[in-house]
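Please read the following report alongside the sequence and the three-dimensional structure. It moves from the overall fold to the sheets, and then to the aromatic side chains.

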Amino acid sequence: MPPTATATTTAVTNGIENLKLGTLRLNANGHTSEKKSNGNTTKGGEEKKQEEEVVFVDPYNYVGETFGSGPGEDYPFAEFLPSNPPREKSDPPLPLFDIKDRGHFAAPNAARLRKFVEDRGGRVGDLLIAVGTVIEGDVKLQDLGEEEKDDLALLVAQRGVVFFRNQHDLTIEQQRELGQHFGPLHTHPTYATPRRGDLDDVVVVYTDRNSRPDPYAFSRAELFHSDVTYEVQPPSTTILRLLTTPEVGNDTLWSSGYAVYSSLSKPFQTYLESLSAIHSGYDQASSRTGISKIPRREPIETIHPVVRVHPVTGLKAVFVNPGFVSRLVGVPKAESDMVLSFLKDSFAQQTDATVRWSWKSGDVAIWDNRIVNHSATFDSYPSLRHGLRVTPHGEKPLSVEEYEETYDQPAKDWLVERYKALGLGAPARDDGKTKKKAFRD
């Protein structure tokens with residue numbers, strides 16, 4: 001059993017004052033669970049402590065996995081708690097969408113968005129060189145005009161993920177409207193939607209005291225993923241707003257596919273550009289059968305290029321993840337397993353191209369699922385974490401060959417472009433010469 005907290009606290013979240021309800025503090029907004037006696041005592045008067053039955057959830061498919069006892073009747077976001085009503089039949093497969101990325105209509109360097117932010121006393125600040133930007137100041141997403149939204153699409157495509165704090169007033173309708181600017185909204189084939197009942201294109205991100213992960217069941221590298229990549233047109237500019245967050249923990253990390261590609265040798269880059277991978281939705285679907293026997297849509301498998309090119313930036317990104325990629329096409333199993341394992345570890349281990357965000361209630365993260373993988377830290381059980389995700393479709397992934405044929409220009413390497421911007425030549429390749437102590441600058 002988790003330890004109990006002894007200090008009494010009062011917290012204010014979204015303007016609502018909540019008092020500590022029990023002896024076990026779960027998170028800052030005071031929605032708590034209280035340890036109760038089972039009434040059994042020994043001769044010495046000591047209570048017998050009976051362990052509750054432990055049910056572990058699948059960390060790969062945790063979203064809305066447990067509907068549990070909930071955070072209590074006074075919870076201000078009850079209409080957005082997860083629900084997965086039974087279905088009599090599955091919906092047909094998704095249609096193909098004609099998508100023109102809004103980043104194509106952006107001003108150079110997202111200039112209009114930057115002015116919008118600066119006019120409100122804010123700034124656009126990069127968190128790492130390769131990935132991650134935070135918008136500071138009194139900037140509200142619902143106030144963005146069409147031009148600023150287009151610039152935001154470009155900024156997210158360039159930076160991988162962009163963060164906004166204090167978006168408490170953003171309604172789910174406004175969040176959906178913003179998502180629809182970037183593309184048609186995806187309806188998840190299996191995950192829970194809000195209890196309200198009219199938001200089928202909104203995914204509920206939810207864990208509580210009944211969502212206990214098994215820390216021995218997975219490696220941390222395996223948790224990095226890009227959302228629903230098994231779709232024919234996987235997500236693009238995705239929007240997640242957290243309503244309730246733990247005081248500490250359950251951060252999210254985003255790792256750049258641009259940077260993974262740039263970290264590889266030229267021969268290996270060329271090899272990966274020649275490959276495709278199978279992205280499968282079957283494992284995710286099978287994990288949900290205990291909740292809903294009939295899924296919204298039947299699971300599918302789709303083949304995508306291992307290296308895709310972003311249609312706006314023209315940059316190459318490694319596009320595989322351990323959550324959905326089952327194997328490489330036309331490659332022996334041992335070789336496929338080795339390559340995928342190496343790429344999985346590359347996303348997890350590149351500390352200079354992985355940004356970590358510590359959430360506060362009302363925060364919004366907007367990221368490009370085409371060019372970053374992400375992972376939660378799963379370290380704050382039994383706290384309550386609750387958010388809403390809006391997930392627009394992107395284009396069918398473009399291989400290097402398809403991009404260059406479509407746009408009649410060469411696809412680019414992120415690190416080479418960075419060196420050019422610094423007025424330098426391309427990064428030096430290994431020339432085979434030994435250097436003192438084997439260090440190579």
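The report below describes the protein as a whole, two of its sheets, one loop residue and its aromatic contacts.

This is a predicted model, in which local features need pLDDT of at least 70 and side-chain atom pairs count only at pLDDT 80 or more, while totals for chains, interfaces and linings use all residues. Residues are numbered from 1 along each chain as its sequence is written, and side-chain values use heavy atoms, with hydrogens and water left out.

**Overall fold**

The protein contains 9 helices and 21 strands, taken as DSSP runs numbered from the N terminus (helices: H or I, at least four residues; strands: E, at least two). Of its 441 residues, 51% are buried, a term that stands for under 20% relative accessible area with a 1.4 Å probe and protein chains only, whereas exposed is over 50% and partly exposed lies in between. Among the contacts with a separation of 6 or more, 81% are between residues 24 or more positions apart, contact being defined as heavy atoms within 4.5 Å. The accessible surface is about 21200 Å², and 49% of that surface belongs to carbon and sulfur atoms; the areas come from the Shrake-Rupley method with a 1.4 Å probe.

**Two open sheets**

Strands count as paired if DSSP finds at least two bridges between them. One open sheet has 7 strands in the order E5-E6-E7-E19-E11-E21-E9, with mixed pairing. Its edges are strand E5 (123–126) and strand E9 (202–207), each of which pairs on one side only, and the twist from one strand to the next averages 20°. Within this sheet, strand E7 (residues 161–164) runs antiparallel to strand E19 (residues 364–368), the two being joined by 4 bridges; Val161 has Trp367 in E19 as its bridge partner. Helix H2 (residues 146–159) packs on the sheet and touches E5, strand E6 (133–136), E7, strand E11 (237–244) and E19, and its direction makes about 120° with that of E7. Such angles run from 0 to 180 degrees between N-to-C directions, with axes fitted as lines to C-alpha atoms, for helices over the stretch in contact.

A further open sheet consists of 3 strands in the order E14-E13-E17, with antiparallel pairing. Here strand E14 (301–305) and strand E17 (325–328) are the edge strands. Strand E13 (residues 276–280) is joined to E14 by 5 bridges, and Ala277 has His304 in E14 as its bridge partner.

His304 also appears among the neighbours of Glu231, which, beyond four places in sequence, is in contact with Leu94, His186, Pro189, Arg297, Ile300, Thr302 and His304. Glu231 lies in the loop between strand E10 (212–213) and E11 and is buried, at 4% relative accessible area.

**Aromatic side chains**

There are 9 aromatic pairs, a pair being rings of Phe, Tyr and Trp (its six-membered ring) with centres within 6.5 Å, called stacked if the planes are under 30 degrees apart, edge-to-face if over 60 and tilted for the rest. Tyr403 and Tyr407 form a stacked pair, with 4.8 Å centre to centre and 25° between the planes. They are 4 residues apart in helix H8 (residues 400–407), and therefore separated by about one helical turn. Tyr403 is buried at 1% relative accessible area, whereas Tyr407 is partly exposed at 28%. Elsewhere, ring pairs link Phe163, Trp254, Trp357, Trp359 and Trp367 into a cluster.

The table lists charges over rings, where NZ of Lys or CZ of Arg is within 6 Å of the ring centre and within 35 degrees of the ring normal.

| Charged residue | Ring | Distance from ring centre |
|---|---|---|
| Arg120 | Phe116 | 3.6 Å |
| Arg308 | Phe319 | 4.5 Å |
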